[in-house]
Amino acid sequence: MLALIENKRTELIKVANTNGLTSTLAIRYSQELDYLLNEYNRKYKEKVSS
């Protein structure tokens, strides 16, 4: 999961540098990164709670 997050973060940085932070592609990658981070946090909280 952490590898997916890091890969998506790297992709986002590349796209943002090329197309700008407000480009459609950068926004989509940002949303995908947000989703991965939220899933990671949810799984971490479940693990800690058990």
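Is Lys8 buried or exposed? At 14% relative accessibility, Lys8 counts as buried. The numbered points below begin with the overall form and then return to this residue and its partners.

1. **Basis and overall form.** The structure is a predicted model. The protein has 2 helices and 0 strands. Its radius of gyration is 13 Å, well over the 10 Å given by the globule rule for 50 residues, so the protein is more spread out than a compact globule. The C-alpha trace spans about 45 × 15 × 10 Å along the principal axes.

2. **Surface and interior.** The accessible surface of the protein amounts to about 4,000 Å², and 55% of that surface belongs to carbon and sulfur atoms. Of the 50 residues in the protein, 22% are buried.

3. **Helix α2.** Helix α2 covers residues 24–49, which makes 26 residues. From its first C-alpha to its last, α2 reaches 37 Å, close to the 38 Å expected at 1.5 Å a residue. Ala26, Tyr29, Leu33, Leu36 and Glu39 are buried in this helix. The buried residues of α2 pack against α1.

4. **Lys8 and its surroundings.** Lys8 belongs to helix α1, which runs over residues 2–19. Leaving aside residues up to four places away in sequence, Lys8 touches Tyr29, Glu32, Leu33 and Leu36. Among these contacts, Tyr29, Leu33 and Leu36 are themselves buried residues of α2, whereas Glu32 is partly exposed at 29% relative accessibility. Lys8 counts as buried because its relative accessibility of 14% is under the 20% cut-off.

5. **The salt bridge between the helices.** Which residue forms a salt bridge with Lys8? The partner is Glu32, and the closest N and O atoms of the pair are 2.5 Å apart. Glu32 lies in helix α2 and Lys8 in helix α1, so this pair ties together parts that are 24 residues apart in sequence. The bridge thus joins a buried lysine, at 14% relative accessibility, to a glutamate that counts as partly exposed at 29%.

6. **A second bridge at Glu32.** The structure holds 6 salt bridges. One of them is formed by Arg28 with Glu32, with the closest N and O atoms 3.8 Å apart. Arg28 and Glu32 are 4 residues apart in helix α2, so about one helical turn separates them. Arg28 counts as partly exposed, at 43% relative accessibility.

7. **The pair Arg42 and Glu39.** Arg42 forms a salt bridge with Glu39, and their closest N and O atoms are 2.7 Å apart. Both residues lie in helix α2, 3 residues apart, which is about one turn of the helix. Arg42 is partly exposed at 38% relative accessibility, while Glu39 is buried with a relative accessible area of 18%. Elsewhere, salt bridges that share partners join Lys8, Glu11, Arg28 and Glu32 into one network.

8. **Glu11 within the network.** Where does Glu11 lie? Glu11 is placed in helix α1. Its relative accessible area is 31%, and Glu11 is therefore partly exposed, a class that lies between the cut-offs of 20% and 50%. Glu11 and Leu33 are 22 residues apart in sequence, and their C-alpha atoms are 9.7 Å apart in space. Leu33 is one of the buried residues of α2 and also one of the residues that Lys8 touches.

9. **The nonpolar surface patch.** Met1, Leu2, Leu4, Tyr40, Tyr44 and Val48 make a nonpolar surface patch of about 580 Å². The elements that give two or more residues to this patch are α1 and α2. Helix α2 gives the most, with 3 residues. Met1, another member of the patch, lies in the segment before α1. With a relative accessible area of 35%, Met1 is partly exposed.

10. **Points to follow in the model.** A reader may start at Lys8 in α1 and pass to Glu32 through the salt bridge whose closest N and O atoms are 2.5 Å apart. From Glu32, the bridge to Arg28 can be followed within α2. The buried residues of α2, including Ala26 and Tyr29, can then be viewed where they pack against α1.

How values were computed. Residues are numbered from 1 along each chain as its sequence is written. This is a predicted model: local features need pLDDT of at least 70, side-chain atom pairs count only at pLDDT 80 or more; totals for chains, interfaces and linings use all residues. Side-chain values use heavy atoms; hydrogens and water are left out. Buried means under 20% relative accessible area, exposed over 50%, partly exposed in between (1.4 Å probe, protein chains only). Contact means heavy atoms within 4.5 Å. The expected span of a helix is 1.5 Å times one less than its number of residues. Patches are made of residues with over 30% relative accessible area and no salt bridge: like charges are joined within 9 Å, nonpolar side chains (Val, Leu, Ile, Met, Phe, Trp, Tyr) within 5 Å. Accessible areas come from the Shrake-Rupley method with a 1.4 Å probe; for residues, only the protein chains shown count as cover. A salt bridge is a side-chain nitrogen of Lys or Arg within 4 Å of a carboxyl oxygen of Asp or Glu. The radius of gyration is taken over C-alpha atoms; the globule rule is 2.2 Å times the number of residues to the power 0.38.
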